[in-house]
Each structure stands twice: as C-alpha cells, then as structure tokens.
Amino acid sequence: MVQSSATETGAHAGGVGGRPKLQVQGVHINFGGVKALQGVSLDLLDREILAIIGPNGAGKTTLINSVSGVYHPSPGRIVLDGENITYHSPARIAALGVARTFQNVALFKGMTVLENLLVGRHLHMRSGALASGLYWQLAQREEIRHRAVVERLIDFLEITHIRNALAGTLPYGLQKRVELGRALAMEPRVLLLDEPMAGMNMEEKEDMARFILDVNDEWGFPTILIEHDMGVVMDISNRVVVLDHGEKIAEGSPGHVRGDPLVISAYLGEEAAA
Amino acid sequence: MSGDLLFGVELAVSGLLVGVMYSLVALGFVLIFKSSGIFNFAQGAMTLFAALALVGFLPRLGMGVSILAVLAVMVALAFAVERVVLRPLVARPPLALFMATIGLGFFLEGLAQAIWGTQPKGLDIGIPDTPYVVGGLLLSRLDLAGAAAAGVLVLGLIVFFQKTTLGLGLRAVSDDHEAALSVGIPLGRAWAVTWAIAGVVAVVAGVLWGSRLGVQFSLSLVALKALPVLIIGGIESIPGAILAGLIVGAAERLAGGFIDPLVGGGVKDFSPYLLAMIFLIFRPYGLFGREIIERV
C-alpha cells in the first residue's frame, strides 16, 4: 500500500482535507551529537487528527517542540497556513494560534481551573492581556463573552464541579483535562497534544479519547496527537505517522500502519517483524 | 489602663504602622521574585533612586508633577532593565541574574548620586511630625499617613492582580513560565511590566521613607529591613509580605520599648533578624511561602 494521501480519511471525520494547515518540512534537530530528528516531514490537514507514535526516544516530543518554537530546526522549515514560522519564539507561535499541552502537564498550579482557562483566552482579549488590562472597565462586555466561551468549555469537559479548585490540587487525570481546556480556550488554528493520556488508567484514557473525538466533531481543530501507546490512538486518529530514531518510518491510515513490518520491528524488535 | 499596658499598646500600634511600610518595601522584592525568580538586590537602590529623583525634580516642578515624572522615570527604567540586563541573561542560572541585580544596584546608586549629588536632603511632604492623641495613645501623623498610603497601594495591587486581565497574565507568568509561553504571553514584556510595578512601589517607598529619614545614601539600606520580612512571610507570597511586615514592625517597637531599657539597648535593631532566624529554623519557607519538597 502506498503512503496515505490527503484524501484518505478515518471513519468519523467529515471534511478533512484541503490545503495543509501545518507543514513540517525536512526538519533536523541535533542536540550536540545526538540526532533527535533527521529530516522529518509531514502535513497536517484541516479538521484531521494526526497521531504521531513511536517508541521512547523516537523524537515525538522534539517534533512538537520544534513546531511550537522551543527548538528551531536546522535545516528544516515549519509552515503554518503558508506562513514560515520556523524561527518564531514560542510566545509568538502561540499567539499565531498554535496551542499545545505538555507531556508532564504545565498548568498554572496556583490559579483556579476557571482562571487557567481564562488565561487561555488572553490572546483574544483585545490586543492581549498585557495591553488591555488598564481598559478593564471598558472591556466588561468583552469580558462577558470570554466568560461564556470558558463556561461552555468547562461544561463540555465536565469539570464544572472543580471550576473553583486550585489546579495544582487536582488529581493528575483532571489536570490533563484542564490543560486540554486551556488549549481549547485559545480557539487554536492547530492543536498539539503531547501524550494526553500518559499516566492514566484505562477509564481515564477512554474519557480523554472521547473528549478528543468530541472536540474534533464540535470544532474540528486540526490536531497532532502524540502517543506512546499504539492501541489508544488507532481508534481516534485519521492518519498515523510513525517515528523511530528521529526518522519517519511509516505514514498512513491506522490499519495500514498497524500492519507495516517496519513499525512492528520498531515496537517489538527485529525478530518479531521477520 | 495601666501605664505599662498603655505603653505596650502604643508601641504595638506605632510598630504596626511602620510595619505597613516594611511590607511595602518587601512587596517590591516579592513581585519581582514571583514573576521572574530573581532576588532583586537593586530594590533598595531603586528606592533611593526614586527618592533622589523626586527631590531633584521638586524645586522646578512641584510635588504633583514631580511624582508623575518620577513614576515615568521608573517605568522607563524597568523597560530598559528588561532590555539591557534581563533579556541577555534569559535561561541563565538564577545566580547570574542575582549578580546582575547587584551590579544594577551599584549602577543606580552611582547614577543617582552623579545626577543629584551626595548631600543628604530633606523631603517635606507637608505632614507635620506631631502626634495625634487617640484615647490616650500618641500616634505619629507621619506614621499614619505612611501606613495609609502604603495600605492603599497594597490594596490597589491586590485588586490589580486579582481582577484585571493584565494582572491575570502576570500571575500566569509568575506561576509557570512554560505554560505562559504556551498561551502566547511574552515573558520579556511581562517582566518589564513587573519591574515597572516594582518601580512604582519603589517610588512610594522612597517618598515615605525619604520623608522620615531624609533622602540620603542610607535610604537604600531600608531594603535590608525587608530581608527578615521576606524570610518570615515567604518570598513568594504577597499576603506573607504584608503580615510579616506588620509582625516585624510591632516586634521591633516592642523590643525597643520593653527589652532595650533592661539590657541597655540594641535589641530593637536586631530583633527582626532574630525573628527571621527563628523562622529559618522552624519554618524555612515562611508563613505563606511555597513549601518545596524535593526528592533527593
């Protein structure tokens, strides 16, 4: 089977396709002598969920970090909606609408769940929170609109009961959900989820998978989903890219990737693939 | 009321009033530490700089305009510090930044004295240093006015951080840098705004302390009084700074009134540090500081 094309879609998505929202082109990242990524390319299409899987150390998180501006590829290019963002700072890339979550959860632990999501609205508050603060009184009506967006998300993610709890006091699974909520509050153009189900039990994983699917149905944010566990992503992704030792070794529909001998050997060792 | 009790209450009240002003100085440290993890050694120098600038502007501009001018100078200074000192040191160890603030402190002290001279100057803010008598208690007008001004500023800062979007963004930066970047808040600008606020705090502290002690080099040493306040309150906590300032102020006055006469003096001056040492032994993260538990 050939590698997947833009028209190949999963079972549940409607309207995946069109011009790529995000293009990763020949990205290399080196840490000293360690080649973390070696010429990885991929396209993320509108409304699709693209899973990136691979064994530990394959370069999955490095790829997300190079998209969100933590690392700058050399050589290589990151293109968002036709705009080259390769050398932008993380804050600028976020401001352009690339939202992300972190493998180890980076919440504002001393702030409430509601406040965490409101900070996610920061970019939409006039010219940004740092400029608009002094016009607070004048911005009351806008404030109400942001509240409404945030309240809807709180409802959607079923975290109403903890809306006023300090984020740092919540159990891990809920922190991950709040972090997803903060990313969604940004109304992102591209959503990057770094192992949203890591460290969860089966029930929590199923909940998170359901939320990711529901979010895709409701808003259709093009999403890159990193996952270590191959089983989890098979049901919820339109396409899968497999990384191993910093290289893309397979790309295609979940069914196609699952049967690929290279993928099997990366996960299970050479002998299993033979 | 017996004489001793009345004396004690009077000491405690005047101590609390001075304590509000200690809180104010400590607050400048807390703001910068929370947002950028830097212990800003230059906070005292900023206070001196603000006071000297004010005294320098006064003869030509009058009180109102002078204060506005000093505020503008301190805000400009904050943005310059972010650009010249902080930005080149991003992602360096905290110690490098701390050292940079030591350098900044000496630079500001030198610059201020080069421009406005080294002579001690009085700063008259138009409040006579004669006491009010309230229910048999003698209360200094200067203390009352200082406490009121500091109190208003502290309340204003609390409202600002809790109720405005700008405050929300700054709290986000102080809570988690990585997360703040991920929602698109540029750290550099947030730091500049925080330093500007610390500059405003320095202006108010400079005016209040300058009017009590005179505007002179030793004004920058008022910042040393903030150290025990920070240790007792916890360097990351705004409520901690406020409460600890009150504790330090009251303890200092009570020690001065009751213990000094018995031992021949001196206890007043070191009592805040003694308290701080007790806290370091039994509660090293302070009253409200974040308890850091690390796996070893």
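This report describes a predicted model of chains A and B, from chain A outward to the contact with chain B and the shared core.

## Chain A overview

Chain A contains eleven helices and ten strands. Of its 274 residues, 43% count as buried. Among contacts in chain A with a separation of 6 or more, 68% join residues 24 or more positions apart.

## Domains of chain A

The domain assignment splits chain A into domain 1 (1-97 + 189-274) and domain 2 (107-187). Ten residues of domain 1 of chain A are in contact with ten residues of domain 2 of chain A. On the domain 1 side, helix H7 (residues 202-218) of chain A gives the most, with four residues. That side divides into seven nonpolar residues, two polar and one charged.

## The six-stranded sheet

Chain A has an open sheet of six strands. The order is S6-S7-S8-S3-S9-S10, and the pairing is mixed. Strand S6 (98-100) and strand S10 (247-252) of chain A stand at the edges. Each has a single partner strand, so one side of each is left without a neighbour in the sheet. Neighbouring strands are turned by 20° against each other on average, direction ignored.

Strand S9 (residues 239-244) of chain A pairs in the parallel sense with strand S3 (residues 49-53) of chain A, over four bridges. Two pairs of residues fix the register. A:Leu50 has A:Arg239 as its bridge partner, and A:Ala51 stands opposite A:Val240. With S10(A), S9(A) pairs in the antiparallel sense over five bridges. There, A:Asp244 has A:Glu247 as its bridge partner. S9(A) and S10(A) form a hairpin with two residues between them. In the turn, A:His245 has a positive phi of about 50°. Five of the six residues of S9(A) are buried, so this strand is largely enclosed by the rest of the structure.

## A buried helix and a buried strand residue

All of H3(A) is buried: eight of its eight residues count, so the helix is largely enclosed by the rest of the structure. The buried set includes the charged-type position A:Glu115. Also in the set are A:Val113, A:Leu114, A:Asn116, A:Leu117, A:Leu118, A:Val119 and A:Gly120.

A:Val24 is found in strand S1 (residues 17-31) of chain A. This valine counts as buried because it has 24 C-beta neighbours inside 10 Å, where 20 or more are needed. Leaving aside neighbours within four places in sequence, A:Val24 is in contact with A:Val40, A:Ser41, A:Leu42, A:Val67 and A:Ile78. A:Leu80 is 56 residues from A:Val24 in sequence, and their C-alpha atoms are 8.9 Å apart.

## Where chain A meets chain B

At the contact between the chains, 27 residues of chain A touch 22 residues of chain B. Helix H2 (90-95), helix H3 (113-120) and helix H4 (129-132) of chain A each supply at least two residues on the chain A side. That side divides into 18 nonpolar residues, five polar and four charged. H3(A) thus appears twice in this account: as a buried helix and as a supplier of residues to the contact with chain B.

## The largest nonpolar core

The largest nonpolar core has 165 residues. Those with the most contacts inside it are B:Met21, B:Leu24, B:Ala26, B:Ala50, B:Ala51, B:Val201 and B:Val204. Helix H8 (residues 187-213) of chain B gives the largest share, 17 residues. Domain 1 and domain 2 of chain A both give residues to this core, so it lies between them. In soluble globular proteins, nonpolar side chains tend to be buried together.

Not counting residues up to four places away in sequence, B:Met21 touches B:Gly146, B:Ala147, B:Ala150, B:Leu208 and B:Trp209.

## Local features of chain B

Strand S1 (residues 131-134) and strand S2 (residues 137-140) of chain B pair in the antiparallel sense over four bridges. B:Tyr132 stands opposite B:Leu139. The hairpin has two residues between the strands, and B:Gly135 takes a positive phi near 55°.

B:Leu224 lies in helix H9 (residues 222-233) of chain B. This leucine counts as exposed, because only 12 C-beta neighbours lie inside 10 Å. B:Gln43 is 181 residues from B:Leu224 in sequence, yet the C-alpha atoms are 9.9 Å apart.

Key
Residues are numbered from 1 along each chain as its sequence is written. Chains are lettered from A and ligands numbered from 1 in the order in which they are written. This is a predicted model: local features need pLDDT of at least 70, side-chain atom pairs count only at pLDDT 80 or more; totals for chains, interfaces and linings use all residues. A nonpolar core is a set of buried Ala, Val, Leu, Ile, Met, Phe, Trp, Tyr and Cys residues joined through C-beta atoms within 7 Å. Domain bounds come from an automatic or database domain assignment. Two residues are in contact if their C-beta atoms, placed from the backbone, lie within 7 Å. Two strands pair if DSSP finds at least two bridges between them. Axes are lines fitted to C-alpha atoms, for helices over the stretch in contact, and angles run from 0 to 180 degrees between N-to-C directions.
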